[in-house]
Amino acid sequence: MALRGPLAEPGSPEAELLARIDLARLPAHVAVIMDGNGRWAKQRGRPRVEGHRAGVAAVRDTVESAARLGLDHLTLYAFSVENWKRPRAEVWTLMNLLKDYLRRELETLVENDIRFEPIGRWRELDPSVVRALEAAIEATRECRGMRFNIALNYSGRCEVVDACRKIVADWAAGKRIDIDEEALAGSLYTAGQPDVDLLIRTSGEMRVSNFLLWQIAYAEIWVTPVLWPDFRCRHLLEGIREFQARERRFGGVGPSTGEPIDPSSVADA
């Protein structure tokens, strides 16, 4: 099935926000820390797992809205390495919700040219989850629209460690490239993708939570008090509007000097 309906109905708050967004200056890569499921459930006197169930609707709406808007890359933080500390029943529920999401939404992803890619140590998950993820990767392999990454069993520090291990393994195999920023970036889970331009965090928490530590080096961070299950298209548009309102200098002094900023010089900032 095709993505349902327009991005914004005429006269809606979403339409007003969309009219204020420059579609030629969208962030190349938006990443979202999906936080607040537990608090959402607690506020309603429900078990934590009900917050996770409600959060699936936010995932669906965010992915579809991002694709309609024309974003090139979207990364959602779904399950961290640290999340294994949670009760086993909660982890089990999260994994089953993931499998159910893929089963229900895979056709929509394929028909709308959205390429799905998990990042992290996801191959260490339960074999049934790994099979579902591999099936989704294969089904969307030829898609050329938005790249939809989902971070599973993910840790930013683990990602850097794994990148270093890959470089060492390449050296041992005789592939001795220069070890520089380009080499390290090319060994990350997101190799070949642009760095994050906009990092969104829901629930009002002021942390990056070990997420895409390398890739968010120069990201604009936008924090909303909205809990993840309540996050919808209008909130994504609010974040992008805020992104476009900011002056991005990449270590320079801004356009007031009359000199263009060269992002390749960021490392020297």
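This section describes two asparagines and the largest pocket in a predicted model.

The largest pocket encloses about 740 Å³ of space. Its lining comprises 31 residues. Those nearest the pocket centre are Met34, Tyr77, Ala78, Phe79 and Asn83. Several elements contribute to the lining. Helix 2 (37-43), helix 3 (48-69), strand 2, helix 4 and strand 4 (147-154) each provide at least two lining residues. By class, 15 of the lining residues are nonpolar, 9 are polar and 7 are charged.

Asn83 sits in the loop that runs between strand 2 (73-80) and helix 4 (88-111). The relative accessibility of Asn83 is 14%. Asn83 is therefore classed as buried, the cut-off being under 20% relative accessible area. Its side chain reaches the backbone nitrogen of Ser80 at 2.8 Å. Beyond neighbours within four places in sequence, Asn83 is in contact with Ala78 and Val91. Ala78 and Asn83 are both among the residues that lie nearest the centre of the largest pocket.

Asn96 is located in helix 4. Its relative accessible area is 27%. Asn96 is therefore partly exposed, since this class lies between the 20% and 50% limits. The side chain of Asn96 reaches the backbone oxygen of Trp92, at 2.8 Å. Asn96 and Arg25 are separated by 71 residues in sequence. In space, the C-alpha to C-alpha distance between Asn96 and Arg25 is 37 Å.

The two side chains thus address backbone atoms of opposite kinds: Asn83 reaches a nitrogen, that of Ser80, and Asn96 reaches an oxygen, that of Trp92.

Key:
Residues numbered from 1 in each chain as written. Predicted model: local features only at pLDDT ≥ 70, side-chain atom pairs only at ≥ 80, totals over all residues. Heavy atoms only, no water. Helix = DSSP H or I, 4+ residues; strand = E, 2+ residues; numbered from the N terminus. Buried < 20%, exposed > 50% of the residue type's maximum accessible area, 1.4 Å probe, protein only. Polar contact = N/O pair within 3.5 Å; in protein donor to acceptor, adjacent residues only side chain to side chain. Contact = heavy atoms within 4.5 Å. 1 Å grid on protein atoms, 1.4 Å probe; cavity = no way out; pocket = protein on both sides within 12 Å on 5 of 7 lines; lining within 4 Å. Points joined across faces, edges and corners; volume = space filled by probe spheres on them. Nonpolar A, V, L, I, M, F, W, Y, C, P; charged D, E, K, R; others polar.
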